[in-house]
Amino acid sequence: MSLMNLTAVGLGKKIQNREVSAPEAAKAALDAIEAKEAEINSFVTVDSEGALKRAEEVQKLIDEGKLAGPLAGVPVAIKDNMCTKGLLTTCSSKILGNYIPMFTAEAVLNLEKAGAVIIGKTNMDEFAMGSTTETSAFGPTKNPWDTGHVPGGSSGGSCAAVAAEECPYALGSDTGGSIRQPSSFCGVTGIKPTYGTVSRYGLIAYGSSLDQIGPVAKDVTDCVAILEIISSYDKKDSTSVKRENYNFTSALEDNVKGMKIGIPADYFGEGLDSEVKEAVLNAAKELEKKGAVIEEFNLSLVDYAIPAYYIIACAEASSNLARFDGVKYGYRTEDYNGLHNMYKKTRSEGFGAEVKRRIMLGSFVLSSGYYDAYYIKALKTKALIKKAFDNAFNKYDVILGPAAPQTAPALGESLSDPLKMYLGDIYTISANLAGLPGITVPCGISSKSLPIGLQLLGNCFEEKNIIRAAYAFEQTREYAHSPLA
């Protein structure tokens, strides 16, 4: 059995018990990447030399008794929009194709302090703009369950790497479902924490009021162990929240008796695949058997979530991406005439089609003639969506629904119809608009042998409720953690 068949926590225990060394674990991950990467394309950068050197250093600290955490010595992959000092960080874009940061993102630093061994940076939709990992400048990532299908996005590289057992766990970022949706498509588990729980310092911004870093792993226990490590208050991040308690592992109990779970009727209407609907409702029945109280309700405002999200996200993106102009870092066009011409040519050549589309949309809704008509209305709608969730959480502990309206689409299917791709985010984006925590766990396999994901949403700072529900449901199923196992 390969060490990559193990969960992250399981591998960490073997390292602590001296059954396996950190360098052996790193070598196993690198061997798996070498064997599978040509087919999957999960990684933009693989740091073999750095990973093996770091593994030796971590093993020494473990032997000295200075590192005893659950993930010490365990290899991890990092989404390529998180800065890593001395290691290429591209956002899967030509415009940052040569960018090597001089600092490391806070969430990644927290992992390193806990003894993590970074093996590389994962592929993603360019600047996290997309839902399929097909907008990457380095080619699409493929779904390990069926390489003719997408892994989802924008954290598709991270989710595919875990599903293909190239690494035990990875970090992703979630702006509108970019951890939860690809986790659903790849049959892995992913958590988007409450906005502000994990520092955004060092995360290259897409939509600053929506972005949040979170873990991707094989099961709930792994994700919770990772979340405990990466969560912290950071004064370098103005949106970071100082929380009293980061002890998420205490919620890992198989007990949902009396828990009130709401199912939005709005989520189960037209557009939802029948197999996805059946799998998600069956999951609800399993929780009901365990003593949870299941009730259907109307969430309202679902139809307005997508337009509000894309107006706000694109407006913030157009502002955030203005810094990529070829002056200080990244790609610069070779042939230009004057400063303004250099700006135009650099950005025209450096950004891909989807990024350009969203910058243009964002610039339009922020322009003087349309600011009130679009951007301000979107912000008001965001506030109403948050209020609708507040009302729901006055009654329910957890909201249950699908993570995506369908299983993973075929490669090329979504790019031909961008609007259809945007509509695929319908069940995930509301959590980002309201700053809520969410988790996706596998709940079934379709007739095409593709995974189906269950999404659980909780109130702000109530991660323990969704963790408890997800863990309890997980105990009812035997999962094939990987299609390649």
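The following dialogue reads selected features of a predicted model, from the whole chain to single residues.

Q: How many helices and strands does the protein chain have, and how compact is the chain?
A: This predicted model contains 15 helices and eleven strands. The radius of gyration is 21 Å, close to the 23 Å that the globule rule gives for 485 residues, so the protein chain is as compact as a globular protein of that length. The C-alpha trace spans about 65 × 55 × 45 Å along its principal axes.

Q: Which share of the residues is buried, and what supplies the exposed area?
A: Burial is judged from relative accessible area, with buried meaning under 20%. By that criterion, 60% of the 485 residues of the protein chain count as buried. The chain exposes about 18300 Å², and carbon and sulfur atoms supply 50% of that area.

Q: What share of the contacts comes from residues 24 or more positions apart?
A: Among contacts with a separation of 6 or more, residues 24 or more positions apart account for 76%.

Q: In what order do the strands of the sheet stand?
A: Strands of a sheet pair through backbone hydrogen bonds, either parallel or antiparallel. Here the eleven strands form an open sheet with mixed pairing, in the order β1-β3-β2-β4-β6-β5-β10-β11-β9-β7-β8. Strands β1 and β8 (293-297) stand at the edges with a single partner strand each, so one side of each is left without a neighbour in the sheet. From one strand to the next, the twist averages 30 degrees.

Q: How many bridges join the edge strand β1 to β3, and which residue stands opposite Val46?
A: The two strands run antiparallel and are joined by three bridges. Val46 has Gly120 of β3 opposite.

Q: Which helix packs on the sheet, and which strands does that helix touch?
A: Helix α12 (residues 371-393) packs there, in contact with β8, β9 and β11. The direction of α12 makes about 115 degrees with that of β9.

Q: How is strand β11 paired within the sheet?
A: Pairing is read from the bridges on each side of a strand. Strand β9 (residues 398-402) runs antiparallel to β11 and is joined to β11 by five bridges; in that pair, Gln455 is the bridge partner of Gly401. Strand β10 (residues 438-445) also pairs with β11 in the antiparallel sense, over seven bridges, and there Leu454 is the bridge partner of Val441. The hairpin of β10 and β11 has five residues between the strands, and Ser449 in that hairpin takes a positive phi near 65 degrees.

Q: Are the two faces of β11 covered or open?
A: Both are covered. On one side, Pro451, Gly453, Gln455 and Leu457 are buried, and on the other side Ile452, Leu454, Leu456 and Gly458 are buried. Accordingly, eight of the eight residues in β11 (residues 451-458) are buried.

Q: How should burial be read along a helix such as α7?
A: An α-helix has 3.6 residues a turn, so residues three or four places apart point the same way. Helix α7 (residues 220-230) is mostly covered, with nine of its eleven residues buried. Among the buried residues are Val220, Asp222, Cys223, Val224 and Ile230. At the start of α7, a side-chain oxygen of Asp219 comes to within 3.4 Å of the backbone nitrogen of Thr221.

Q: Which residues does Thr428 touch, and is Thr428 buried or exposed?
A: Thr428 lies in the loop between α13 (418-423) and α14 (429-434). Its relative accessibility is 1%; because that is under 20%, Thr428 counts as buried. Leaving aside residues up to four places away in sequence, Thr428 touches Gly176, Gly177, Arg180, Ala403 and Gln455. A polar atom of the Thr428 side chain lies 2.7 Å from the backbone oxygen of Gly176.

Q: Where do backbone torsions deserve attention in the loops?
A: One case is the cis peptide bond joining Gly153 and Ser154, with omega about 5 degrees; Ser154 is in the loop between β3 (117-122) and α5 (156-163). Positive phi in a residue other than glycine occurs at Asn41, near 60 degrees, in the loop between α2 (22-40) and β1 (43-46). Cys91 likewise has a positive phi, near 55 degrees, and belongs to the loop between β2 (75-79) and α4 (106-113). Cys91 is buried, with a relative accessible area of 1%.

Definitions and conventions:
Residues numbered from 1 in each chain as written. Predicted model: local features only at pLDDT ≥ 70, side-chain atom pairs only at ≥ 80, totals over all residues. Heavy atoms only, no water. Buried < 20%, exposed > 50% of the residue type's maximum accessible area, 1.4 Å probe, protein only. Helix = DSSP H or I, 4+ residues; strand = E, 2+ residues; numbered from the N terminus. Pairing = 2+ DSSP bridges. Axes fitted to C-alpha atoms, helices over the stretch in contact; angles between N-to-C directions. Contact = heavy atoms within 4.5 Å. Polar contact = N/O pair within 3.5 Å; in protein donor to acceptor, adjacent residues only side chain to side chain. Rg over C-alpha atoms; globule rule 2.2 N^0.38 Å. Areas by Shrake-Rupley, 256 points an atom, 1.4 Å probe, with all protein chains shown as cover.
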